[in-house]
Amino acid sequence: MDLSASSLSKTHPPFSLSSTSSFSDQLTFHPNYVQLLRFRRSHCGLFLRNLPSISRQNNLPPARLSNQTFDNDGFVLEDVPHLTNFLPDLPSYPSPLQKSQAYSIVKNTFVNPEDVVAQTIVVQKDSRRGVHFRRAGPREKVYFKPEEVRACIVTCGGLCPGINTVIREIVCGLNNMYGVKDILGIEEGYKGFYSKNTLRLTPKLVSDIHKLGGTFLRTSRGGHDTHKIVDNIEDRGINQVYIIGGDGTQKGAALIYEEVEKRCLQVAVAGVPKTIDNDIAVIDKSFGFDTAVEEAQRAINAAHVEVNSVENGIGIVKLMGRYSGFIAMHATLASRDVDCCLIPESPFYLEGRGGLFEFIDQRLKENGHLVIVVAEGAGQEYVAAEVHTLEEKDASGNKLLLDVGPWLSNKIKDHFTKIRKIAVNMKYIDPTYMIRAIPSNASDNVYCTLLAHSAVHGAMAGYSGFTVGPVNSRHAYLPIARVTERPNTVELTGRMWARLLESTNQPSFVASDQQRVDKMIIEDTNTKNITSI
Ligand SMILES: Nc1ncnc2c1ncn2[C@@H]1O[C@H](COP(=O)(O)OP(=O)(O)O)[C@@H](O)[C@H]1O
Ligand SMILES: O=P(O)(O)OC[C@H]1O[C@](O)(COP(=O)(O)O)[C@@H](O)[C@@H]1O
Ligand SMILES: [Mg+2]
(Lines give C-alpha, C1' and ligand atoms only; values in the text may rest on other atoms or scores of the structure.)
(Ligands and ions follow the chains in the order given, each with its own letter.)
Protein backbone atom coordinates (compact mmCIF):
# COMPACT_ATOMS: atom_id res chain seq x y z
CA MET A 1 0.00 0.00 0.00
CA ASP A 2 1.62 3.23 -1.10
CA LEU A 3 0.26 6.15 0.88
CA SER A 4 2.64 8.84 -0.29
CA ALA A 5 0.95 12.02 -1.37
CA SER A 6 2.59 11.94 -4.78
CA SER A 7 1.63 8.33 -5.37
CA LEU A 8 -1.96 9.08 -4.47
CA SER A 9 -2.16 11.91 -6.91
CA LYS A 10 -0.37 9.79 -9.51
CA THR A 11 -2.56 6.75 -8.99
CA HIS A 12 -5.69 8.85 -9.00
CA PRO A 13 -5.08 12.01 -10.96
CA PRO A 14 -7.77 14.06 -9.27
CA PHE A 15 -8.62 16.34 -12.11
CA SER A 16 -9.22 13.61 -14.64
CA LEU A 17 -12.43 12.94 -12.75
CA SER A 18 -14.62 15.80 -13.58
CA SER A 19 -17.34 17.19 -11.49
CA THR A 20 -19.86 19.77 -12.51
CA SER A 21 -21.35 20.67 -9.15
CA SER A 22 -19.39 22.78 -6.72
CA PHE A 23 -19.03 19.89 -4.28
CA SER A 24 -19.01 16.25 -5.17
CA ASP A 25 -17.71 13.14 -3.50
CA GLN A 26 -16.33 10.40 -5.67
CA LEU A 27 -15.18 6.97 -4.71
CA THR A 28 -12.29 5.58 -6.68
CA PHE A 29 -11.26 2.01 -6.08
CA HIS A 30 -7.77 0.75 -5.62
CA PRO A 31 -6.85 -2.93 -5.25
CA ASN A 32 -5.83 -2.36 -1.65
CA TYR A 33 -7.97 0.35 -0.29
CA VAL A 34 -11.01 2.46 -0.86
CA GLN A 35 -10.17 6.06 -1.22
CA LEU A 36 -12.69 8.72 -0.53
CA LEU A 37 -11.76 11.74 -2.52
CA ARG A 38 -13.73 14.85 -2.17
CA PHE A 39 -13.31 17.17 -5.06
CA ARG A 40 -14.20 20.68 -4.49
CA ARG A 41 -14.61 22.77 -7.59
CA SER A 42 -14.15 26.17 -6.18
CA HIS A 43 -12.99 29.56 -7.12
CA CYS A 44 -9.31 29.18 -7.85
CA GLY A 45 -8.43 31.96 -10.19
CA LEU A 46 -11.23 34.24 -9.17
CA PHE A 47 -9.11 35.26 -6.22
CA LEU A 48 -5.85 35.52 -8.07
CA ARG A 49 -4.28 38.79 -7.27
CA ASN A 50 -1.59 40.46 -9.26
CA LEU A 51 1.45 38.93 -7.61
CA PRO A 52 4.67 37.38 -8.87
CA SER A 53 4.51 34.65 -6.23
CA ILE A 54 5.34 31.01 -6.95
CA SER A 55 1.84 30.21 -5.76
CA ARG A 56 0.16 30.75 -9.10
CA GLN A 57 1.01 27.48 -10.75
CA ASN A 58 -2.35 26.98 -12.42
CA ASN A 59 -6.03 27.68 -12.12
CA LEU A 60 -7.16 24.18 -11.36
CA PRO A 61 -9.85 23.52 -8.82
CA PRO A 62 -8.54 22.44 -5.44
CA ALA A 63 -9.17 18.86 -4.47
CA ARG A 64 -9.12 17.67 -0.92
CA LEU A 65 -8.15 14.23 0.17
CA SER A 66 -10.39 13.90 3.18
CA ASN A 67 -9.58 10.37 4.27
CA GLN A 68 -8.79 6.91 3.06
CA THR A 69 -10.12 3.64 4.29
CA PHE A 70 -8.51 0.26 4.18
CA ASP A 71 -11.58 -1.71 3.33
CA ASN A 72 -11.10 -5.19 4.74
CA ASP A 73 -9.82 -4.75 8.26
CA GLY A 74 -11.08 -1.33 9.31
CA PHE A 75 -7.89 0.62 8.61
CA VAL A 76 -8.59 4.35 8.51
CA LEU A 77 -6.02 7.00 7.63
CA GLU A 78 -7.12 10.45 8.75
CA ASP A 79 -4.90 12.32 6.39
CA VAL A 80 -3.79 15.92 6.16
CA PRO A 81 -4.00 17.99 2.98
CA HIS A 82 -1.06 18.18 0.60
CA LEU A 83 -0.31 21.06 -1.77
CA THR A 84 -0.42 18.69 -4.75
CA ASN A 85 -4.11 18.11 -4.01
CA PHE A 86 -4.83 21.46 -5.60
CA LEU A 87 -1.50 22.14 -7.34
CA PRO A 88 -0.95 18.78 -9.05
CA ASP A 89 1.92 19.97 -11.21
CA LEU A 90 3.96 21.26 -8.32
CA PRO A 91 7.56 20.12 -8.83
CA SER A 92 9.42 18.31 -6.09
CA TYR A 93 13.13 18.31 -5.28
CA PRO A 94 15.48 15.99 -3.40
CA SER A 95 15.55 16.91 0.27
CA PRO A 96 18.59 18.96 1.31
CA LEU A 97 18.77 16.64 4.33
CA GLN A 98 20.34 14.07 2.01
CA LYS A 99 23.47 16.19 2.14
CA SER A 100 23.27 17.01 5.84
CA GLN A 101 26.32 15.94 7.78
CA ALA A 102 24.24 15.27 10.86
CA TYR A 103 21.57 13.23 9.11
CA SER A 104 23.85 11.32 6.76
CA ILE A 105 24.77 8.91 9.57
CA VAL A 106 21.14 8.21 10.44
CA LYS A 107 20.09 4.72 9.39
CA ASN A 108 16.74 5.87 8.08
CA THR A 109 17.06 9.58 7.44
CA PHE A 110 13.64 9.75 5.85
CA VAL A 111 10.29 8.62 7.07
CA ASN A 112 8.80 5.90 4.94
CA PRO A 113 5.85 7.55 3.14
CA GLU A 114 3.70 4.62 4.19
CA ASP A 115 4.42 5.02 7.92
CA VAL A 116 1.37 5.82 9.97
CA VAL A 117 0.74 6.21 13.68
CA ALA A 118 -2.11 4.29 15.30
CA GLN A 119 -4.47 6.29 17.49
CA THR A 120 -5.25 3.27 19.62
CA ILE A 121 -2.39 1.02 20.61
CA VAL A 122 -4.09 -1.15 23.16
CA VAL A 123 -6.03 -3.61 21.05
CA GLN A 124 -7.41 -7.12 21.21
CA LYS A 125 -6.64 -9.93 18.79
CA ASP A 126 -9.79 -9.33 16.77
CA SER A 127 -9.89 -5.53 16.96
CA ARG A 128 -10.39 -3.55 13.78
CA ARG A 129 -7.26 -1.62 12.85
CA GLY A 130 -8.89 1.75 13.49
CA VAL A 131 -7.75 5.32 13.02
CA HIS A 132 -4.22 6.23 11.95
CA PHE A 133 -2.38 9.47 11.28
CA ARG A 134 0.48 10.21 8.94
CA ARG A 135 3.82 9.87 10.71
CA ALA A 136 5.73 13.13 11.05
CA GLY A 137 9.32 13.51 9.96
CA PRO A 138 11.59 14.32 7.01
CA ARG A 139 10.58 13.18 3.53
CA GLU A 140 12.89 12.28 0.67
CA LYS A 141 11.25 14.84 -1.60
CA VAL A 142 10.45 18.43 -0.74
CA TYR A 143 8.11 20.79 -2.55
CA PHE A 144 10.01 24.00 -1.88
CA LYS A 145 13.41 25.13 -3.07
CA PRO A 146 15.09 26.45 0.11
CA GLU A 147 16.07 29.71 -1.56
CA GLU A 148 12.45 30.32 -2.54
CA VAL A 149 11.03 29.80 0.94
CA ARG A 150 9.80 32.80 2.85
CA ALA A 151 8.53 31.49 6.17
CA CYS A 152 6.77 33.30 8.98
CA ILE A 153 6.01 32.43 12.60
CA VAL A 154 3.17 33.76 14.74
CA THR A 155 2.21 33.06 18.37
CA CYS A 156 -1.36 33.61 19.62
CA GLY A 157 -3.42 33.17 22.80
CA GLY A 158 -2.18 32.81 26.38
CA LEU A 159 1.42 32.24 27.37
CA CYS A 160 2.87 28.84 28.05
CA PRO A 161 6.38 27.66 28.95
CA GLY A 162 8.24 26.56 25.81
CA ILE A 163 6.85 28.93 23.16
CA ASN A 164 10.29 30.47 22.71
CA THR A 165 11.87 27.06 22.26
CA VAL A 166 9.39 26.27 19.48
CA ILE A 167 10.16 29.60 17.78
CA ARG A 168 13.90 29.01 18.12
CA GLU A 169 13.70 25.50 16.75
CA ILE A 170 11.56 26.45 13.75
CA VAL A 171 14.11 29.11 12.85
CA CYS A 172 17.13 26.86 13.47
CA GLY A 173 15.46 23.80 11.94
CA LEU A 174 14.59 25.64 8.72
CA ASN A 175 18.05 27.14 8.55
CA ASN A 176 20.25 24.25 9.60
CA MET A 177 18.36 21.33 8.07
CA TYR A 178 17.02 22.92 4.88
CA GLY A 179 19.14 26.03 4.31
CA VAL A 180 16.14 28.36 4.54
CA LYS A 181 17.28 31.89 5.40
CA ASP A 182 14.21 34.04 4.91
CA ILE A 183 12.15 33.78 8.09
CA LEU A 184 9.85 36.49 9.42
CA GLY A 185 8.35 36.94 12.85
CA ILE A 186 4.78 38.22 12.95
CA GLU A 187 4.43 40.23 16.14
CA GLU A 188 1.55 40.16 18.63
CA GLY A 189 -0.58 37.36 17.28
CA TYR A 190 -2.93 37.20 14.30
CA LYS A 191 -3.56 40.93 14.19
CA GLY A 192 0.20 41.42 13.67
CA PHE A 193 -0.20 40.14 10.10
CA TYR A 194 -2.01 43.28 9.07
CA SER A 195 -1.12 45.83 11.74
CA LYS A 196 2.60 45.45 12.41
CA ASN A 197 5.89 45.33 10.62
CA THR A 198 7.59 41.95 10.52
CA LEU A 199 10.77 41.02 12.31
CA ARG A 200 13.55 39.13 10.52
CA LEU A 201 14.41 35.99 12.47
CA THR A 202 17.88 34.48 12.29
CA PRO A 203 19.45 31.63 14.26
CA LYS A 204 21.71 34.19 15.91
CA LEU A 205 18.82 36.39 17.01
CA VAL A 206 16.89 33.51 18.57
CA SER A 207 19.82 31.51 19.91
CA ASP A 208 19.12 32.26 23.60
CA ILE A 209 15.38 32.78 23.68
CA HIS A 210 14.60 29.28 24.94
CA LYS A 211 15.99 30.41 28.28
CA LEU A 212 13.27 33.05 28.57
CA GLY A 213 9.62 32.73 29.50
CA GLY A 214 6.83 34.24 27.40
CA THR A 215 6.98 34.66 23.66
CA PHE A 216 9.72 36.53 21.85
CA LEU A 217 7.12 37.45 19.23
CA ARG A 218 4.54 38.66 21.80
CA THR A 219 0.95 37.50 21.59
CA SER A 220 -2.67 38.65 21.59
CA ARG A 221 -6.23 37.43 21.73
CA GLY A 222 -8.85 38.35 19.11
CA GLY A 223 -7.97 39.99 15.81
CA HIS A 224 -8.38 36.98 13.55
CA ASP A 225 -9.46 38.28 10.15
CA THR A 226 -8.93 35.48 7.63
CA HIS A 227 -9.06 37.61 4.49
CA LYS A 228 -6.78 40.31 5.80
CA ILE A 229 -4.31 37.70 7.04
CA VAL A 230 -4.21 35.78 3.75
CA ASP A 231 -4.00 39.00 1.72
CA ASN A 232 -1.02 39.85 3.83
CA ILE A 233 0.55 36.42 3.35
CA GLU A 234 0.24 36.94 -0.40
CA ASP A 235 1.44 40.52 -0.34
CA ARG A 236 4.55 39.63 1.59
CA GLY A 237 5.25 36.59 -0.61
CA ILE A 238 5.13 34.25 2.38
CA ASN A 239 4.87 30.56 1.46
CA GLN A 240 5.25 28.81 4.84
CA VAL A 241 3.19 29.88 7.85
CA TYR A 242 3.96 28.43 11.29
CA ILE A 243 1.17 29.08 13.77
CA ILE A 244 1.76 28.41 17.48
CA GLY A 245 -1.36 28.54 19.63
CA GLY A 246 -4.20 26.75 21.39
CA ASP A 247 -7.58 25.54 20.24
CA GLY A 248 -8.73 29.01 19.16
CA THR A 249 -5.52 29.62 17.25
CA GLN A 250 -5.71 26.25 15.51
CA LYS A 251 -9.31 26.99 14.43
CA GLY A 252 -7.96 30.22 12.98
CA ALA A 253 -5.17 28.26 11.24
CA ALA A 254 -7.78 25.98 9.64
CA LEU A 255 -9.59 29.03 8.24
CA ILE A 256 -6.32 30.43 6.89
CA TYR A 257 -5.59 27.09 5.21
CA GLU A 258 -9.09 26.98 3.66
CA GLU A 259 -8.60 30.44 2.21
CA VAL A 260 -5.12 29.54 0.95
CA GLU A 261 -6.57 26.48 -0.75
CA LYS A 262 -9.41 28.53 -2.23
CA ARG A 263 -6.88 30.93 -3.72
CA CYS A 264 -4.67 28.01 -4.87
CA LEU A 265 -1.62 29.39 -3.15
CA GLN A 266 1.51 27.36 -2.67
CA VAL A 267 1.49 28.11 1.02
CA ALA A 268 2.13 25.51 3.69
CA VAL A 269 0.14 26.25 6.86
CA ALA A 270 1.54 24.35 9.85
CA GLY A 271 0.10 24.50 13.36
CA VAL A 272 1.95 23.78 16.58
CA PRO A 273 -0.58 23.22 19.40
CA LYS A 274 0.07 25.27 22.53
CA THR A 275 -1.90 25.22 25.76
CA ILE A 276 -0.81 25.12 29.34
CA ASP A 277 -4.15 23.53 30.24
CA ASN A 278 -3.36 20.36 28.21
CA ASP A 279 -6.87 20.61 26.77
CA ILE A 280 -5.92 19.75 23.15
CA ALA A 281 -7.43 16.44 22.07
CA VAL A 282 -5.65 13.52 20.35
CA ILE A 283 -2.06 14.48 21.27
CA ASP A 284 -0.41 12.83 24.26
CA LYS A 285 0.13 16.12 26.06
CA SER A 286 0.85 19.72 25.25
CA PHE A 287 4.24 21.39 25.61
CA GLY A 288 4.79 23.38 28.80
CA PHE A 289 2.44 21.12 30.73
CA ASP A 290 5.28 19.23 32.45
CA THR A 291 6.97 22.50 33.36
CA ALA A 292 3.70 23.83 34.78
CA VAL A 293 3.14 20.73 36.90
CA GLU A 294 6.70 20.92 38.18
CA GLU A 295 6.45 24.61 39.04
CA ALA A 296 3.10 24.06 40.75
CA GLN A 297 4.96 21.83 43.21
CA ARG A 298 6.70 24.89 44.59
CA ALA A 299 3.40 26.59 45.38
CA ILE A 300 1.93 23.44 46.89
CA ASN A 301 5.05 22.95 48.93
CA ALA A 302 4.88 26.53 50.21
CA ALA A 303 1.25 26.05 51.17
CA HIS A 304 2.11 22.85 52.98
CA VAL A 305 4.98 24.45 54.91
CA GLU A 306 2.74 27.35 55.91
CA VAL A 307 -0.21 25.31 57.14
CA ASN A 308 2.01 22.78 58.85
CA SER A 309 3.46 25.55 61.01
CA VAL A 310 0.21 26.88 62.47
CA GLU A 311 -2.92 25.67 64.21
CA ASN A 312 -5.79 24.65 61.95
CA GLY A 313 -3.94 25.74 58.84
CA ILE A 314 -5.86 25.53 55.58
CA GLY A 315 -3.85 26.11 52.40
CA ILE A 316 -5.55 26.76 49.08
CA VAL A 317 -3.53 26.79 45.85
CA LYS A 318 -5.23 27.89 42.64
CA LEU A 319 -3.81 26.47 39.41
CA MET A 320 -4.69 27.11 35.77
CA GLY A 321 -7.22 24.95 33.98
CA ARG A 322 -10.16 26.68 32.37
CA TYR A 323 -12.17 23.61 31.46
CA SER A 324 -9.62 20.86 32.08
CA GLY A 325 -8.12 20.02 35.45
CA PHE A 326 -4.97 18.27 34.21
CA ILE A 327 -2.47 20.61 35.88
CA ALA A 328 -4.31 20.34 39.22
CA MET A 329 -4.67 16.56 38.93
CA HIS A 330 -1.03 15.92 38.00
CA ALA A 331 0.35 18.46 40.49
CA THR A 332 -1.72 16.80 43.23
CA LEU A 333 -0.60 13.32 42.32
CA ALA A 334 3.02 14.38 42.10
CA SER A 335 3.04 16.26 45.39
CA ARG A 336 1.30 13.88 47.85
CA ASP A 337 0.94 16.89 50.18
CA VAL A 338 -2.48 17.73 48.79
CA ASP A 339 -5.57 16.65 50.71
CA CYS A 340 -8.17 17.59 48.12
CA CYS A 341 -8.10 18.49 44.43
CA LEU A 342 -11.04 20.31 42.83
CA ILE A 343 -11.29 20.39 39.03
CA PRO A 344 -13.85 21.76 36.54
CA GLU A 345 -14.87 18.29 35.37
CA SER A 346 -15.91 17.11 38.82
CA PRO A 347 -18.70 19.10 40.46
CA PHE A 348 -18.29 19.40 44.23
CA TYR A 349 -20.45 20.67 47.04
CA LEU A 350 -19.61 22.32 50.32
CA GLU A 351 -22.30 21.46 52.85
CA GLY A 352 -23.81 18.24 54.15
CA ARG A 353 -22.71 14.65 54.20
CA GLY A 354 -19.87 13.92 51.78
CA GLY A 355 -19.33 17.66 51.24
CA LEU A 356 -16.09 19.65 51.38
CA PHE A 357 -16.72 21.21 54.82
CA GLU A 358 -17.20 17.79 56.41
CA PHE A 359 -13.96 16.60 54.79
CA ILE A 360 -12.00 19.66 55.98
CA ASP A 361 -13.35 19.12 59.48
CA GLN A 362 -12.11 15.52 59.48
CA ARG A 363 -8.66 16.40 58.17
CA LEU A 364 -8.23 19.22 60.70
CA LYS A 365 -9.11 16.78 63.46
CA GLU A 366 -6.73 14.12 62.09
CA ASN A 367 -3.76 16.25 61.01
CA GLY A 368 -4.33 19.79 62.23
CA HIS A 369 -3.92 21.17 58.71
CA LEU A 370 -4.77 20.52 55.05
CA VAL A 371 -3.97 21.69 51.52
CA ILE A 372 -6.57 22.10 48.77
CA VAL A 373 -5.66 22.51 45.10
CA VAL A 374 -8.35 24.15 43.00
CA ALA A 375 -8.30 24.53 39.23
CA GLU A 376 -9.46 27.97 38.10
CA GLY A 377 -12.48 26.57 36.23
CA ALA A 378 -13.79 24.51 39.17
CA GLY A 379 -17.04 25.43 40.91
CA GLN A 380 -17.83 28.26 38.51
CA GLU A 381 -21.57 27.69 38.87
CA TYR A 382 -21.41 28.29 42.65
CA VAL A 383 -19.34 31.44 42.32
CA ALA A 384 -21.68 32.72 39.61
CA ALA A 385 -24.71 32.10 41.83
CA GLU A 386 -23.25 34.36 44.51
CA VAL A 387 -21.13 36.89 42.68
CA HIS A 388 -23.52 38.72 40.43
CA THR A 389 -21.51 40.00 37.49
CA LEU A 390 -22.25 40.19 33.82
CA GLU A 391 -20.88 37.30 31.80
CA GLU A 392 -17.76 38.72 30.21
CA LYS A 393 -15.64 37.42 27.36
CA ASP A 394 -12.06 38.08 26.34
CA ALA A 395 -11.13 39.42 22.88
CA SER A 396 -11.06 35.87 21.48
CA GLY A 397 -14.56 35.13 22.77
CA ASN A 398 -13.45 32.93 25.70
CA LYS A 399 -15.69 33.29 28.74
CA LEU A 400 -13.89 35.16 31.51
CA LEU A 401 -13.87 33.02 34.62
CA LEU A 402 -14.93 34.17 38.05
CA ASP A 403 -12.21 33.88 40.66
CA VAL A 404 -12.93 30.66 42.51
CA GLY A 405 -9.88 30.98 44.79
CA PRO A 406 -10.89 33.92 47.02
CA TRP A 407 -14.52 32.75 46.89
CA LEU A 408 -13.60 29.31 48.23
CA SER A 409 -11.22 30.73 50.85
CA ASN A 410 -13.96 33.03 52.18
CA LYS A 411 -16.60 30.30 52.18
CA ILE A 412 -14.38 27.97 54.20
CA LYS A 413 -13.26 30.71 56.60
CA ASP A 414 -16.84 31.86 57.19
CA HIS A 415 -18.09 28.34 57.76
CA PHE A 416 -15.43 27.44 60.32
CA THR A 417 -15.16 30.72 62.17
CA LYS A 418 -18.81 31.83 62.14
CA ILE A 419 -20.74 28.56 62.11
CA ARG A 420 -18.38 25.98 63.63
CA LYS A 421 -16.69 28.56 65.87
CA ILE A 422 -13.25 27.14 65.04
CA ALA A 423 -10.47 29.61 64.29
CA VAL A 424 -8.73 28.60 61.08
CA ASN A 425 -5.51 29.91 59.58
CA MET A 426 -6.24 30.43 55.88
CA LYS A 427 -3.27 30.70 53.48
CA TYR A 428 -4.35 31.35 49.91
CA ILE A 429 -1.78 31.16 47.09
CA ASP A 430 -2.43 32.09 43.45
CA PRO A 431 0.71 31.22 41.45
CA THR A 432 -1.08 30.94 38.09
CA TYR A 433 0.74 33.63 36.07
CA MET A 434 4.03 32.90 37.84
CA ILE A 435 3.79 29.33 36.60
CA ARG A 436 2.79 30.29 33.08
CA ALA A 437 5.58 32.83 32.65
CA ILE A 438 8.60 30.63 33.32
CA PRO A 439 10.84 29.07 30.65
CA SER A 440 10.29 25.42 29.83
CA ASN A 441 12.15 22.68 31.68
CA ALA A 442 14.58 20.27 30.04
CA SER A 443 12.03 17.68 28.94
CA ASP A 444 9.68 20.31 27.52
CA ASN A 445 12.62 21.85 25.66
CA VAL A 446 13.30 18.55 23.92
CA TYR A 447 9.60 18.08 23.25
CA CYS A 448 9.32 21.61 21.76
CA THR A 449 12.28 20.83 19.49
CA LEU A 450 10.55 17.74 18.13
CA LEU A 451 7.30 19.63 17.56
CA ALA A 452 9.08 22.46 15.74
CA HIS A 453 11.09 20.09 13.57
CA SER A 454 8.01 18.01 12.72
CA ALA A 455 6.26 21.17 11.57
CA VAL A 456 9.26 22.18 9.44
CA HIS A 457 9.59 18.72 7.84
CA GLY A 458 5.83 18.66 7.12
CA ALA A 459 5.78 22.10 5.51
CA MET A 460 8.91 21.40 3.42
CA ALA A 461 7.32 18.13 2.29
CA GLY A 462 4.33 20.07 0.98
CA TYR A 463 1.75 19.23 3.64
CA SER A 464 -0.52 22.11 4.57
CA GLY A 465 -3.43 22.75 6.91
CA PHE A 466 -2.08 20.35 9.50
CA THR A 467 -1.02 20.39 13.09
CA VAL A 468 1.65 18.31 14.78
CA GLY A 469 1.89 16.31 17.95
CA PRO A 470 2.74 12.99 19.54
CA VAL A 471 0.14 10.24 19.45
CA ASN A 472 1.17 7.34 21.64
CA SER A 473 4.69 8.81 21.75
CA ARG A 474 5.14 8.96 17.95
CA HIS A 475 4.93 12.34 16.29
CA ALA A 476 2.21 12.64 13.65
CA TYR A 477 0.59 15.10 11.24
CA LEU A 478 -2.99 15.65 12.39
CA PRO A 479 -5.96 17.21 10.60
CA ILE A 480 -6.60 20.49 12.45
CA ALA A 481 -10.30 19.74 12.93
CA ARG A 482 -9.37 16.57 14.79
CA VAL A 483 -7.62 18.52 17.55
CA THR A 484 -10.16 21.32 17.81
CA GLU A 485 -13.48 19.47 17.54
CA ARG A 486 -13.62 18.77 21.26
CA PRO A 487 -11.38 19.64 24.20
CA ASN A 488 -9.33 17.14 26.11
CA THR A 489 -10.73 16.83 29.62
CA VAL A 490 -10.03 14.69 32.67
CA GLU A 491 -12.05 11.49 32.47
CA LEU A 492 -13.78 11.05 35.79
CA THR A 493 -14.28 7.39 35.02
CA GLY A 494 -10.63 6.95 34.06
CA ARG A 495 -7.91 5.33 36.14
CA MET A 496 -5.87 8.53 36.58
CA TRP A 497 -8.67 10.28 38.45
CA ALA A 498 -9.20 7.11 40.47
CA ARG A 499 -5.48 7.18 41.35
CA LEU A 500 -5.90 10.73 42.55
CA LEU A 501 -8.98 9.91 44.64
CA GLU A 502 -7.13 6.97 46.10
CA SER A 503 -4.05 9.06 46.92
CA THR A 504 -5.90 11.94 48.60
CA ASN A 505 -8.81 9.90 49.91
CA GLN A 506 -10.96 12.95 49.27
CA PRO A 507 -14.69 12.61 48.70
CA SER A 508 -15.56 11.78 45.11
CA PHE A 509 -18.57 14.12 45.45
CA VAL A 510 -20.48 11.54 43.50
CA ALA A 511 -22.99 10.96 46.23
CA SER A 512 -24.83 7.66 46.32
CA ASP A 513 -28.55 7.95 45.74
CA GLN A 514 -29.26 7.59 49.42
CA GLN A 515 -26.62 10.22 50.28
CA ARG A 516 -28.19 12.55 47.73
CA VAL A 517 -31.63 12.13 49.29
CA ASP A 518 -30.21 12.65 52.81
CA LYS A 519 -28.32 15.73 51.65
CA MET A 520 -31.41 17.20 50.06
CA ILE A 521 -33.41 16.60 53.24
CA ILE A 522 -30.69 18.20 55.39
CA GLU A 523 -30.52 21.23 53.10
CA ASP A 524 -34.29 21.45 53.05
CA THR A 525 -34.35 21.14 56.82
CA ASN A 526 -31.76 23.88 57.22
CA THR A 527 -33.66 26.30 55.04
CA LYS A 528 -37.11 25.61 56.49
CA ASN A 529 -35.81 25.07 60.01
CA ILE A 530 -37.75 21.81 60.33
CA THR A 531 -36.25 19.37 62.79
CA SER A 532 -37.81 16.06 61.75
CA ILE A 533 -36.04 14.03 59.02
N1 LIG B 1 -13.15 29.98 16.20
C2 LIG B 1 -12.12 30.74 15.81
N3 LIG B 1 -11.93 30.99 14.50
C4 LIG B 1 -10.89 31.77 14.11
N5 LIG B 1 -10.00 32.32 14.94
C6 LIG B 1 -10.14 32.11 16.25
C7 LIG B 1 -11.21 31.31 16.76
N8 LIG B 1 -11.10 31.27 18.11
C9 LIG B 1 -10.03 32.03 18.42
N10 LIG B 1 -9.44 32.53 17.31
C11 LIG B 1 -8.26 33.38 17.25
O12 LIG B 1 -7.12 32.68 17.73
C13 LIG B 1 -6.31 33.51 18.54
C14 LIG B 1 -6.09 32.90 19.89
O15 LIG B 1 -7.29 32.40 20.44
P16 LIG B 1 -7.49 32.24 22.01
O17 LIG B 1 -8.77 31.53 22.22
O18 LIG B 1 -7.32 33.56 22.67
O19 LIG B 1 -6.23 31.39 22.49
P20 LIG B 1 -5.83 29.89 22.24
O21 LIG B 1 -5.44 29.75 20.83
O22 LIG B 1 -4.71 29.70 23.17
O23 LIG B 1 -7.03 29.05 22.56
C24 LIG B 1 -7.00 34.86 18.60
O25 LIG B 1 -6.34 35.73 17.72
C26 LIG B 1 -8.41 34.58 18.16
O27 LIG B 1 -9.00 35.68 17.46
O1 LIG C 1 -5.41 36.08 31.44
P2 LIG C 1 -5.23 35.53 30.06
O3 LIG C 1 -3.93 35.89 29.46
O4 LIG C 1 -6.36 35.83 29.16
O5 LIG C 1 -5.14 33.97 30.20
C6 LIG C 1 -5.90 33.19 31.07
C7 LIG C 1 -6.20 31.84 30.47
O8 LIG C 1 -5.16 31.36 29.67
C9 LIG C 1 -4.91 29.99 29.93
O10 LIG C 1 -3.69 29.89 30.63
C11 LIG C 1 -4.75 29.21 28.65
O12 LIG C 1 -5.72 29.56 27.77
P13 LIG C 1 -5.46 29.46 26.19
O14 LIG C 1 -4.88 28.10 25.97
O15 LIG C 1 -6.79 29.64 25.57
O16 LIG C 1 -4.50 30.52 25.82
C17 LIG C 1 -6.07 29.56 30.81
O18 LIG C 1 -5.71 28.57 31.71
C19 LIG C 1 -6.43 30.82 31.49
O20 LIG C 1 -7.77 30.83 31.88
MG1 LIG D 1 -8.01 28.15 24.23
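**Two ligands and two helix crossings**

Student: In this predicted model, what makes the pair between an oxygen atom of ligand 2 and the side chain of R436 a polar contact?

Tutor: The oxygen atom sits 2.9 Å from an N or O atom in the side chain of R436. The cut-off for such a pair is 3.5 Å, so this one counts as a polar contact.

Student: Which other side chains pair up with an oxygen atom of ligand 2?

Tutor: Y433 does, with an N or O atom at 2.4 Å, and so does R221, at 3.0 Å. Both values are within 3.5 Å, so both pairs pass. Y433 and R436 also turn up, along with G158, D277 and E376, as the nearest of the 13 residues around ligand 2.

Student: And which residues come nearest to ligand 1?

Tutor: Of 19 around it, those are R221, G222, D247, T249 and S396. So R221 appears here as well as in a pair with ligand 2.

Student: How do you know that T249, S396 and G248 make polar contacts with ligand 1?

Tutor: Same test. An oxygen atom of ligand 1 is 2.4 Å from an N or O atom in the T249 side chain, and for the S396 side chain the value is 2.5 Å. With G248 the partner is a polar backbone atom, 3.1 Å away. Each value falls within 3.5 Å, so they count.

Student: On to the helices. Why is α3 called oblique to α14?

Tutor: α3 (residues 163-178) and α14 (residues 442-460) pack at about 50°, axes 8 Å apart. Roughly parallel needs an angle under 35 degrees and roughly perpendicular starts at 65, so about 50° leaves α3 oblique to α14. The crossing is right-handed.

Student: What makes one residue in the contact of α3 with α14 charged?

Tutor: α3 contributes T165, V166, E169, I170, G173, L174, M177 and Y178, while α14 brings N445, C448, T449, A452, H453, V456, H457 and M460. Glu counts as charged, so E169 is the one. The others split into nine nonpolar and six polar residues.

Student: What makes α6 oblique to α7?

Tutor: α6 (residues 226-235) meets α7 (residues 247-262) at about 60°, with the axes 10 Å apart. The roughly perpendicular range begins at 65 degrees, so α6 still counts as oblique to α7. Here too the crossing is right-handed.

Student: Which residues meet there?

Tutor: T226, H227, I229, V230 and I233 of α6 meet L255, I256, E259 and V260 of α7. By class that is six nonpolar, two polar and one charged.

Methods. Residues are numbered from 1 along each chain as its sequence is written. Chains are lettered from A and ligands numbered from 1 in the order in which they are written. This is a predicted model: local features need pLDDT of at least 70, side-chain atom pairs count only at pLDDT 80 or more; totals for chains, interfaces and linings use all residues. Side-chain values use heavy atoms; hydrogens and water are left out. Axes are lines fitted to C-alpha atoms, for helices over the stretch in contact, and angles run from 0 to 180 degrees between N-to-C directions. Helices (H or I, at least four residues) and strands (E, at least two) are DSSP runs, numbered from the N terminus. Angles under 35 degrees count as roughly parallel, over 145 as roughly antiparallel, 65 to 115 as roughly perpendicular and the rest as oblique. A crossing is left-handed if the near helix is turned anticlockwise from the far one by less than a right angle, and right-handed if clockwise. Contact means heavy atoms within 4.5 Å. A residue is near a molecule or strand if one of its heavy atoms lies within 4 Å of it. A polar contact is a pair of N or O atoms within 3.5 Å; within protein, one must be able to donate a hydrogen and the other to accept it, and residues adjacent in sequence count only if both atoms are side-chain atoms.
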